[in-house]
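Okay, thanks for coming, everyone. Let me put the sequence and structure up, and then we'll walk through a few helices together.

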Amino acid sequence: MSHPSSVVLATAALSTIAAGGTLAYAALSPQSQLFGRTLIAGRDPGEAALTYDDGPNDAATMQLLEVLARHSVRATFFMIGRFVHQRPEIVRAVSAAGHLVGNHTMTHPWLAWQPDRVIREELRGCNQALEDVLGAPIRYMRPPHGARRPAVLRIARELGLTLVQWNVMGNDWAPIGPDRVLRKVQRGIEAATGRGRGANILLHDGYHQGMGADRSATVEATDRLLAQLRANGQRVVTVDAWS
Ligand SMILES: [Zn+2]
């Protein structure tokens, strides 16, 4: 056998997943618990967490900080290590404003398809990048695309990281404009509330393929969403409130 064993295992897992619906669901659905505990949302439907992935990003991240400060709320930012290296000053500004910073890997691969060695390098590299800038340990990670397999949870745990998914999406990775982002989030919050859960809202201040993506729709949708949450009496929390 010329393959390293981890590659063989990954290949075996991949063909199992391709063959059966249940494992594919477990690997890809953000709400599946089959592969172990992940943090989604608390049991208080009056709570909502705003989470932003794929930054730090020029323009959008700092604009979001202004909006969040104006509404006096704190959010959670899952950052990509290679962008952390490029924009440490934005990372520091996010943390200094009181927001929670989490790990979103070094280069944003689909972790479910990676060998253990790559999963470990991706998570450890991003932790290192963030901890070098912030001087404090990182406790939360979100897997790119929500994809995972048991090894992702195990390695995350070894590194002291809690895996965080979501239960509300804004689909703001697509160029759909602030109105549709907001409507999608509103419907998701209604669904989560209807199930008696808090809302863990996935939005994007960055774009995993490069620095400088236009996220003005996300910034505007956030501003309007926060006005609505306040009008509805919902409390905005960071994801560590649910751990
Ligand atoms: Zn991402």
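**Helix α3 and its neighbours**

So, let's start with helix α3, residues 60–70, where A60, T61, L64, L65, V67 and L68 are buried, buried being under 20% relative accessible area, exposed over 50% and partly exposed in between, with a 1.4 Å probe and protein chains only. Those residues span an arc of only 165° around the axis, so they sit on the same side of α3; the arc is taken from the directions running from the helix axis to the C-beta atoms. On the face turned away from that buried side you'll find the exposed residues E66, A69 and R70.

Quick word on where this comes from: it's a predicted model, with local features needing pLDDT of at least 70 and side-chain atom pairs counting only at pLDDT 80 or more, while totals for chains, interfaces and linings use all residues. Residues are numbered from 1 along each chain as its sequence is written, and side-chain values use heavy atoms, with hydrogens and water left out. Helices (H or I, at least four residues) and strands (E, at least two) are DSSP runs, numbered from the N terminus.

What covers the buried residues of α3? The cover includes β1 (47–55), β2 (76–79), α5 (88–96) and α9.

Let's zoom in on A60, which is buried with a relative accessible area of 2%. Leaving out residues up to four places away in sequence, A60 touches D205, R215 and V219, contact meaning heavy atoms within 4.5 Å. A60 and G212 are 152 residues apart in sequence, yet 8.1 Å apart in space, C-alpha to C-alpha.

Now the α3 and α9 pair. Their axes come within 10 Å and cross at roughly 10°, which makes α3 roughly parallel to α9. Angles under 35 degrees count as roughly parallel, over 145 as roughly antiparallel, 65 to 115 as roughly perpendicular, and the rest as oblique. From α3 we have A60, Q63, L64, V67, L68 and R70, meeting V219, T222, D223 and L226 of α9.

And α9 has another partner: α8 (residues 177–194) packs with α9 (residues 216–231) at about 45°, the axes 8 Å apart. That makes α8 oblique to α9. On the α8 side, the contact residues include V181, L182, V185 and I189, and on the α9 side they include A221, L225 and L229.

One last bit: just after α3, S72 takes a positive phi of about 55°. Okay, over to you.

Definitions and conventions:
Axes are lines fitted to C-alpha atoms, for helices over the stretch in contact, and angles run from 0 to 180 degrees between N-to-C directions.
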